Amino acid sequence: MSDERFGKCCMCGKVINKGDTYHKCTVSTCNSGRLKLIFCSPACWDAHLPTARHRSAGYTDHKAS
Ligand SMILES: [Zn+2]
Ligand SMILES: [Zn+2]
């Protein structure tokens, strides 16, 4: 099997393959733990907000590579 898998969306579990666009939370604690928080879509990032209790947050687009 090829190694095209980049990771999994932390909200819905959808596989993110290399070359896909994914999204990251701009809050630093979401990017500094052992858990990589990555999202397959802005909708999944949106669903993350209430669970993380951010007061203000955004997301950034990234290309999986
Ligand atoms: Zn997702
Ligand atoms: Zn977050």
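Four donors around a metal count as tetrahedral if all angles lie between 85 and 135 degrees, and donors are N, O and S atoms within 2.8 Å of the metal, or 3.2 Å for Na, K and Ca. Water is not among the atoms, so sites may look incomplete. The model is predicted: local features need pLDDT of at least 70, side-chain atom pairs count only at pLDDT 80 or more, and totals for chains, interfaces and linings use all residues. Residues are numbered from 1 along each chain as its sequence is written, chains are lettered from A and ligands numbered from 1 in the order in which they are written, and side-chain values use heavy atoms, with hydrogens and water left out.

The zinc ion (ligand 1) has as donors the SG atoms of Cys 9, Cys 12, Cys 40 and Cys 44, at 2.3 Å. The angles subtended by these four donor atoms run from 105 to 116 degrees, so the arrangement is tetrahedral. Along the chain the donor residues follow the spacing C-x2-C-x27-C-x3-C. Cys 12, in the loop between E1 and strand E2 (15–17), and Cys 44, in helix H2, are 32 residues apart, and this pair links distant parts of the chain. Helices (H or I, at least four residues) and strands (E, at least two) are DSSP runs numbered from the N terminus. Cys 12 is partly exposed at 46% relative accessible area, whereas Cys 44 is buried at 11%; buried means under 20%, exposed over 50% and partly exposed in between, with a 1.4 Å probe and protein chains only.

The loop that holds Cys 12 belongs to a hairpin. E1 and E2 run antiparallel and are joined by three bridges, where two strands pair if DSSP finds at least two bridges between them. Gly 7 stands opposite Ile 16 in E2. Six residues lie between the strands of this hairpin, and Gly 13 takes a positive phi near 80 degrees there.

The second metal site is that of the zinc ion (ligand 2), coordinated by Cys 25 (SG), Cys 30 (SG), His 48 (NE2) and His 54 (NE2) at 2.0 to 2.2 Å. This site is also tetrahedral, with angles of 100 to 117 degrees among its four donor atoms. The donor spacing is C-x4-C-x17-H-x5-H. Cys 25 in strand E3 and His 54 in the loop between H2 and E4 are 29 residues apart, a pair that links distant parts of the chain. Cys 25 is buried, at 2% relative accessible area.

Strand E3 also contains His 23, which is buried at 7%. The side chains of His 23 and Asp 61 are joined by a polar contact of 2.8 Å, that is, a pair of N or O atoms within 3.5 Å; within protein, one must be able to donate a hydrogen and the other to accept it, and residues adjacent in sequence count only if both atoms are side-chain atoms. Beyond four places in sequence, the residues in contact with His 23 (heavy atoms within 4.5 Å) include Phe 39, Cys 40, Tyr 59 and Asp 61.

Two aromatic pairs are present. Rings of Phe, Tyr and Trp (its six-membered ring) pair if their centres lie within 6.5 Å, and planes under 30 degrees apart count as stacked, over 60 as edge-to-face and the rest as tilted. Phe 6 and Tyr 22 have ring centres 4.8 Å apart and planes at 35 degrees, so their pair is tilted. Phe 6 lies in strand E1 (residues 5–8) and Tyr 22 in strand E3 (residues 21–25), so the pair ties together parts 16 residues apart in sequence. Trp 45 and Tyr 59 form a tilted pair, with 5.0 Å centre to centre and 55 degrees between the planes.

Definitions and conventions
Tetrahedral: all angles 85-135°; square planar, octahedral: opposite > 155°, others 65-115°.
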